[in-house]
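The following paragraphs lead the reader through a sheet, the helices that pack on it and a group of aromatic rings.

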Amino acid sequence: QVVEHPLHDLAEVGQLTRPSGLDPFRYSDLERELPERPDAYHVFCNGPALFERMHFLRGFERLLLDMAEDPDGFRRFADWTVEYQVETARYLAEHFRGKIHALRCTDDLGSQSNSIMSPRAFRELLKPHYACVAELCHRHGMHFWLHSCGRIDGLLDDLIEAGVDVVNMMQLRLFDL
């Protein structure tokens, strides 16, 4: 659990050090593991996609306030954050074409009773970033998977429209609420 969020001001986002999705070290185990199962469907799991990474860096409550109070700053932060997934998809496409079949990320977008943000806010502030990653995956013959806990049924159409191929929802009582 993140207890100290390093991004105190959205204007400072460019001063943060973002991990590189182009670092070959991150993929060194794939060189060894992929030949062991050449006919398998391989999914590269890459952790939090966007929203979770953003609130880990900014703080959950502060990020939600940013969505409402500074949507342009929020978008710039999302642009900066999603670049990690973009780099990852590019690296996989360049170095593992035809061997990695999907990029899987997580972003818990729901609470027990509803999505964390309104569908309108999702559409305006986050959907284009998911669409960017999905389009890049598709262009290189990969699927884009997204795991999300919580009740996100109000966002499903937008996630599908953005190009997410598999939505892994982990809420057992999702439609019983």
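Four bridges join β1 to β2, and the two strands run parallel; strands count as paired if DSSP finds at least two bridges between them. This is a predicted model, in which local features need pLDDT of at least 70 and side-chain atom pairs count only at pLDDT 80 or more, while totals for chains, interfaces and linings use all residues. Residues are numbered from 1 along each chain as its sequence is written, and side-chain values use heavy atoms, without hydrogens and water.

Helices (H or I, at least four residues) and strands (E, at least two) are DSSP runs numbered from the N terminus. Within the β1–β2 pairing, Phe44 stands opposite Leu103 in β2. Helix α2 (residues 51–58) packs on the sheet and touches β1 and β2, its direction making about 35° with that of β1. Helix α4 also touches β1 and β2, but its direction makes about 165° with that of β1. Contact means heavy atoms within 4.5 Å; axes are lines fitted to C-alpha atoms, for helices over the stretch in contact, and angles run from 0 to 180 degrees between N-to-C directions.

Phe44 also belongs to an aromatic cluster with Tyr27, Tyr91 and Phe96. Rings of Phe, Tyr and Trp (its six-membered ring) pair if their centres lie within 6.5 Å; planes under 30 degrees apart count as stacked, over 60 as edge-to-face and the rest as tilted. The structure holds eight aromatic pairs. In one of them, the ring centres of Tyr27 and Phe96 are 6.4 Å apart and the planes lie at 45°, so the pair is tilted. Tyr27 lies in the segment before α1 (28–33) and Phe96 in the loop between α4 (71–95) and β2 (102–106), so the pair ties together parts 69 residues apart in sequence.
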